[in-house]
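Welcome to a short tour of the structure shown here. Keep the viewer open and follow along, topic by topic.

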Amino acid sequence: MRTYLVTGGAGFIGSNYIQYMFQKYHNDIHIINIDALTYAGNLENLKDVANRENYTFIKADICDREAISAIFAKYDIDRVVHFAAESHVDRSIKNPEVFVQTNVLGTLVMLNCAKAAWETEDGFQAGKKFLHVSTDEVYGSLEKEDEYFYETTPYDPHSPYSASKASSDMIVKSYIDTFKFPANITNCSNNYGPYQFPEKLIPLIINNTLQGKKLPVYGDGKNVRDWLYVEDHAKAIDMVQELGTIGQTYNIGGHNEKQNIEIIHIIIDTIHDMLSDSDPRKAHVNTDLITYVADRKGHDRRYAIAPDKIKAEIGWQPETMFAEGIRKTIKWYFEHEDWMKNVTSGDYQKYYEEMYR
Ligand code: NAD
Ligand code: TYD
């Protein structure tokens with residue numbers, strides 16, 4: 001049985017990935033999920049898999065070298081899938097240090113522990129693989145409509161978040177080049193779907209619309225992101241690890257560029273359509289909620305991925321059309337009101353006040 005070490009599996013993409021992997025491989029894999037359970041980590045996301053015999057959760061910080069090397073000593077890890085990170089641009093503007101700590105130093109700890117466990121006299125044990133999950137934000141911002149990010153696009157990060165992810169990518173690249181360390185890097189565009197924490201645009205807008213709260217639009221609302229349904233990302237990660245060429249970087253994207261203001265209109269229209277006429281919330285679901293607020297500092301204008309390489313070499317392409325993915329996502333939030341209540345109680349209120357006052 002192949003053993004996976006997933007970091008940050010209690011977060012948004014990690015928990016979707018773990019569920020995808022169990023749906024695909026059933027009892028043929030063992031997944032060990034290590035997560036420090038920061039504000040973004042939530043074990044409720046994994047309650048459907050928590051009792052499986054082939055699933056193990058360990059609360060650990062990826063910066064804790066002793067804890068991580070003890071896990072490599074105890075288990076014969078075949079695959080590392082490294083999601084754990086601080087992931088929100090706005091938080092990185094307010095408090096960059098933890099981004100460097102977790103994203104850069106934490107990645108270095110993961111690399112060193114995997115390297116030590118897998119090293120042989122003349123290289124690495126056969127079949128071992130490390131996948132570093134990264135973002136398209138490392139490439140910076142596109143200004144023209146016909147420009148796209150390719151794997152060859154020079155890195156040009158602007159926010160402390162994207163700079164920390166770019167640094168972590170460079171460290172992984174250096175291990176590939178220096179030690180022939182068996183790793184891949186994936187750079188993916190913005191994800192959306194179930195279990196996303198409502199500090200990010202799409203779940204924040206869904207939650208506020210349902211509650212009749214204002215919908216904060218940064219700047220002119222015309223910044224563009226390339227949205228990918230999270231399950232498509234999970235599938236791409238698995239395909240890269242199984243079919244990709246070791247040492248290569250693969251861009252993953254949705255072919256789905258939209259301005260933020262378009263996204264907000266789609267969410268309002270879709271929620272309006274999905275709520276029954278007798279639902280009291282329906283009365284306030286309209287565009288009057290839209291509120292333009294001060295722009296994010298250093299706000300990147302446009303991201304757009306050309307996922308040509310992953311399609312040509314691996315055969316992956318996005319499957320979920322945005323109209324379908326956003327309905328599935330909104331339906332999930334309708335059906336998980338308690339999840340939203342739990343994650344928005346306590347610290348979230350304080351964060352929201354400070355960020356949007
Ligand atoms: P998230 O913030 O939802 O989850 C991050 C997880 O990492 C949480 O469970 C958190 O508890 C854990 N974590 C944080 N610090 C840790 C530490 N020191 N030790 C152990 N665990 C720690 O993030 P996400 O949106 O699921 O993103 C996952 C990865 O994918 C990140 O590396 C991110 O950069 C990348 N990514 C995200 C997107 C996106 O749209 N969300 C797009 C491309 C790439
Ligand atoms: P976000 O979900 O934070 O992802 P990222 O910054 O990593 O791309 O933001 C997506 C876009 O939405 C980005 O252009 C900023 C914008 N935005 C708002 O206009 N209002 C908000 O309240 C948030 C959270 C984001």
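A good place to begin is D288, which sits in the loop between α8 (260-274) and β15. D288 counts as exposed, at 63% relative accessibility. Please keep in mind that the model is predicted. The protein chain as a whole carries twelve helices and 15 strands. Its radius of gyration is 20 Å, close to the 21 Å that the globule rule gives for 357 residues, so the chain is as compact as a globular protein of that length.

**Overall build**

- The C-alpha trace of the protein chain spans about 70 × 45 × 40 Å along its principal axes.
- How much of the protein chain counts as buried? The share is 56% of the 357 residues.
- Among contacts between residues at least 6 apart in sequence, 83% join residues at least 24 apart.
- The accessible surface of the protein chain comes to about 15600 Å², and 48% of that surface belongs to carbon and sulfur atoms.
- The protein chain has 38 positive and 52 negative side chains. The centres of these two sets lie 1 Å apart.

**Aromatic rings**

- The count of aromatic pairs comes to 25.
- One of them joins F149 and Y303, with 6.2 Å centre to centre and 40 degrees between the planes, and this pair is tilted.
- The angle falls between the 30 degrees under which planes count as stacked and the 60 degrees over which they count as edge-to-face, which means that "tilted" is the right label for F149 and Y303.
- F149 lies in the loop between β7 (129-135) and α5 (160-179), while Y303 lies in the loop between β15 (290-293) and α9 (308-314), so the pair ties together parts that are 154 residues apart in sequence.
- Are F149 and Y303 buried or exposed? Both F149 and Y303 are buried.
- Ring pairs also link Y39, F197, Y218, Y348, Y351, Y352 and Y356 into a cluster.

**Two buried loop residues**

- R296 is placed in the loop between β15 and α9.
- With a relative accessible area of 18%, R296 falls under the 20% cut-off and therefore counts as buried.
- Which residues does R296 touch, not counting residues up to four places away in sequence? They are H88, V89, D90, I93, Y218 and R225.
- Y218, one of the residues that R296 touches, also belongs to the aromatic cluster.
- N256 is found in the loop between β13 (249-252) and β14 (257-259).
- N256 has a relative accessible area of 10%, so this residue is buried as well.
- Leaving aside its neighbours within four places in sequence, N256 is in contact with R225, D226, W227 and F322.
- R225 appears among the contacts of R296 and also among those of N256.

**Backbone with positive phi**

- Most residues other than glycine have a negative phi.
- L37 has a positive phi of about 55 degrees although it is not a glycine.
- Where does L37 lie? Its place is in the loop between β2 (29-35) and β3 (55-59).
- L37 counts as partly exposed, because its relative accessibility of 27% lies between the 20% and 50% cut-offs.
- K180 likewise has a positive phi of about 55 degrees and is not a glycine.
- K180 lies in the loop between α5 and β8 (183-188).
- The relative accessible area of K180 is 61%, which is over 50%, so K180 counts as exposed.

**Loop positions and distances**

- Q317 is placed in the loop between α9 and α10 (322-335).
- Q317 is partly exposed, with a relative accessible area of 42%.
- How far apart are Q317 and E137 in space, C-alpha to C-alpha? The distance is 20 Å, and the two are 180 residues apart in sequence.
- Back at the starting point, D288 and G41 are 33 Å apart in space, C-alpha to C-alpha, and 247 residues apart in sequence.

Note on methods:
Residues numbered from 1 in each chain as written. Chains lettered and ligands numbered in written order. Predicted model: local features only at pLDDT ≥ 70, side-chain atom pairs only at ≥ 80, totals over all residues. Heavy atoms only, no water. Helix = DSSP H or I, 4+ residues; strand = E, 2+ residues; numbered from the N terminus. Rg over C-alpha atoms; globule rule 2.2 N^0.38 Å. Buried < 20%, exposed > 50% of the residue type's maximum accessible area, 1.4 Å probe, protein only. Contact = heavy atoms within 4.5 Å. Areas by Shrake-Rupley, 256 points an atom, 1.4 Å probe, with all protein chains shown as cover. Lys, Arg positive; Asp, Glu negative; His and termini not counted. Charge placed at Lys NZ, Arg CZ, Asp CG, Glu CD. Phe/Tyr/Trp six-rings, centres within 6.5 Å; stacked < 30°, edge-to-face > 60°.
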